[in-house]
Number of protein chains: 2
Amino acid sequence: MTTASPTKTPRREPRARTGARSSAEARIVRSIGEAIADRRLPPGTKLTEESLAEAFGVSRERVRKVLLLLAQRRVVTLIPNRGAFVAKPTPREAREVFEARRIVERAIMERLERLPRPLPADLLDRLRDHGALEDAAERDADRKAMIRLSGQFHLLLAEVAGNATLAGILTDLIDRSSLAIAAFERRSSHTCSADDHRRLIAALIGNRPGEATALMIDHLDEVERQLDLEAKTDARIDLKAIFADEPEPA
Amino acid sequence: MTTASPTKTPRREPRARTGARSSAEARIVRSIGEAIADRRLPPGTKLTEESLAEAFGVSRERVRKVLLLLAQRRVVTLIPNRGAFVAKPTPREAREVFEARRIVERAIMERLERLPRPLPADLLDRLRDHGALEDAAERDADRKAMIRLSGQFHLLLAEVAGNATLAGILTDLIDRSSLAIAAFERRSSHTCSADDHRRLIAALIGNRPGEATALMIDHLDEVERQLDLEAKTDARIDLKAIFADEPEPA
DNA sequence: ACCGCTCAGATTGTGCACAATTCTGGAGGC
DNA sequence: GCCTCCAGAATTGTGCACAATCTGAGCGGT
């Protein structure tokens, strides 16, 4: 059933999909994911099925399936009978996501550092090509591109580390950190600095044991530190805090 | 919108769902997941929408959604126009899943070992209660219960470690290792031994630094080592191997 | 003014029918 | 004998219509 004997008709073997139909659904998922990451869709935004269907020129059922996938990845929140919203992580969840990233990405870096030297040429090429893209985006002050490339950088490392399962896990975590950043970034902050990435690439090429791993941890710590993850568990408490030092104008 | 001011009507706040409607879908997902884990549904099994709908007494669309969720978790494979099958991991994927588990569960154990001592009473209770359940299942030689409890043990540790995000990641990894075990277990093998779990609990309670973590790594290595993860990338090669030493009966 | 009630409009949820594709078994030609 | 081709059956994919539920505004009572 799942096997084709060598003498049988060499029929096209349709490749397995993990859940998203390649062309249509996957494109929409990616598109919405990027919009959330670069904050065209801030946390809490209502995602009406009808509007999305119209925007992408597909049927409502198609949108429905996409929202289900995004909900599974915790990028949107589905509330029964009320619809889909861009997820609004709690500070706790944000911290958890960053801790998970530190765990996963430390393992990835350790794997990369264990690779036999010198590193294969195509790997070096990919790292350098990506570096160039990030430099260009930074030079042009193209914020959207920088956000997208920053995520892709971490994903690239996971990919070349050779464990697709870990890379898949990291994909979700990166999407969720974009969300956390969108939700908690301080006004005055800058994005995931391309400089950190440059140093990371250099450390990986020059093979000083543990250095690249340490840089990655610092990098992730730094990104998390730039967020404002104070209590604010609820808007109820917020109101009290805001009006606490009001000078009672009556 | 997401906040209710204190003076407003204390209306029921519908809790967010991550994608599975609580009662119906979640139950079916769990049910199918367990059936796959204890090998009532071996890898490669065709999951016909109609049959599942009938079996669970729900509509076909409901089943469709469930299959989409399971596909997202890589527990089933969706092939366009051909249907859903219990996933059949490759040896490579199996290795990747176990490596991911070692990474995640090492981090969880390190977290648990950092907990202030003595451990809170309710945590100890939960560990001991679970241990009793595993003992009982082993005594009764209840294979299904042992498999289920073994997964729950690892999940329990993740949960008490206090990072729900990591626990969620581990949930998927555990399901996928069950699948890998189902696909590659040697004929003569025993399951994830309850003995390992007992020792782990003991090591956690008695606080010898690093011991519990080391036991966990050994435990996972041992489970993986019991699998037969030799090449066999395809059934094509299989056939040649099988008939290689046939004495040509013509 | 404030609170609760009710009703229209909008949005999500679900079953059903039909279209599209694949699978099966058998007839026919080489 | 073996391969190819071709209906018919079975299975999956998709749009549509309607049911269920929620939102928000208006209205009357206190």
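## A walk from the sheets to the DNA

In strand 3 of chain B, B:Leu47 has B:Ala84 as its bridge partner. Keep in mind that this is a predicted model. That pair is a handy way into the sheet of chain B, where strand 1 and strand 3 run antiparallel to each other and are joined over 2 bridges. B:Ala84 turns up again on the strand 2 side, since B:Leu78 also has B:Ala84 as its bridge partner in strand 3 of chain B.

Zoom out a little and the sheet of chain B is an open one, with 3 strands in the order 1-3-2 and antiparallel pairing. Strand 1 (46–47) and strand 2 (76–79) of chain B are the edge strands, each pairing on one side only. As for what holds such a sheet together, strands pair through backbone hydrogen bonds, in either a parallel or an antiparallel way.

Now follow the other pairing in chain B. Strand 2 and strand 3 (residues 83–86) of chain B are antiparallel and share 4 bridges. Along this pairing, B:Thr77 sits opposite B:Phe85 of strand 3 of chain B. Helix 3 of chain B packs on the sheet and touches strand 1, strand 2 and strand 3 of chain B. The direction of this helix makes about 115 degrees with that of strand 2 of chain B. Back at the hairpin of strand 2 and strand 3 of chain B, there are 3 residues between the strands, and B:Asn81 takes a positive phi near 65 degrees.

Chain A has a sheet to look at too. It is open, has 3 strands in the order 1-3-2, and its pairing is antiparallel. The edges here are strand 1 and strand 2 (76–79) of chain A, which each pair on one side only. Strand 1 of chain A meets strand 3 (residues 83–86) of chain A over 2 bridges, in the antiparallel sense. Within that pairing, A:Leu47 has A:Ala84 of strand 3 of chain A as its bridge partner.

Next, the helices of chain A. Helix 2 (residues 49–56) packs against helix 3 of chain A at an angle of about 110 degrees, and their axes are 8 Å apart. These two helices of chain A are therefore roughly perpendicular to each other. Helix 2 of chain A brings A:Glu49, A:Glu50, A:Leu52 and A:Ala53 to the contact, while helix 3 of chain A brings A:Arg60, A:Val63, A:Arg64 and A:Leu67. Sorted by class, this helix contact has 4 nonpolar and 4 charged residues, with no polar ones.

Some of these names come back at the DNA. Around DNA strand C there are 17 residues, of which A:Arg60, A:Arg64, B:Ser59, B:Glu61 and B:Arg82 come nearest. Of the atoms of DNA strand C that come within 4 Å of the protein, 71% belong to sugar and phosphate. On the backbone side, a polar backbone atom of A:Glu49 is 3.4 Å from a phosphate oxygen of DNA strand C, and a polar backbone atom of A:Asn81 is 3.2 Å from a phosphate oxygen of DNA strand C. A base comes into play with B:Glu61, which has a polar side-chain atom 2.7 Å from a base nitrogen of DNA strand C. The elements giving two or more residues to the surface near DNA strand C are strand 1 (46–47) and helix 3 (60–72) of chain A, plus helix 3 (60–72) of chain B. That surface divides into 10 charged, 5 polar and 2 nonpolar residues.

What does DNA strand D have around it? Of the 17 residues there, A:Ser59, A:Glu61, A:Arg82, B:Arg60 and B:Arg64 come nearest. Sugar and phosphate make up 72% of the atoms of DNA strand D that come within 4 Å of the protein. A polar side-chain atom of A:Ser59 is 2.8 Å from a phosphate oxygen of DNA strand D, and A:Arg62 has a polar side-chain atom 3.4 Å from a phosphate oxygen of DNA strand D. A:Glu61 goes for a base: one of its polar side-chain atoms lies 2.8 Å from a base nitrogen of DNA strand D. Here the elements that give two or more residues to the surface are helix 3 of chain A, along with strand 1 and helix 3 of chain B. By class, the surface near DNA strand D has 10 charged, 5 polar and 2 nonpolar residues.

Definitions and conventions: Residues are numbered from 1 along each chain as its sequence is written. Chains are lettered from A and ligands numbered from 1 in the order in which they are written. This is a predicted model: local features need pLDDT of at least 70, side-chain atom pairs count only at pLDDT 80 or more; totals for chains, interfaces and linings use all residues. Side-chain values use heavy atoms; hydrogens and water are left out. A residue is near a molecule or strand if one of its heavy atoms lies within 4 Å of it. A polar contact is a pair of N or O atoms within 3.5 Å; within protein, one must be able to donate a hydrogen and the other to accept it, and residues adjacent in sequence count only if both atoms are side-chain atoms. Ala, Val, Leu, Ile, Met, Phe, Trp, Tyr, Cys and Pro count as nonpolar, Asp, Glu, Lys and Arg as charged, and the others, Gly among them, as polar. Axes are lines fitted to C-alpha atoms, for helices over the stretch in contact, and angles run from 0 to 180 degrees between N-to-C directions. Angles under 35 degrees count as roughly parallel, over 145 as roughly antiparallel, 65 to 115 as roughly perpendicular and the rest as oblique. Contact means heavy atoms within 4.5 Å. Two strands pair if DSSP finds at least two bridges between them.
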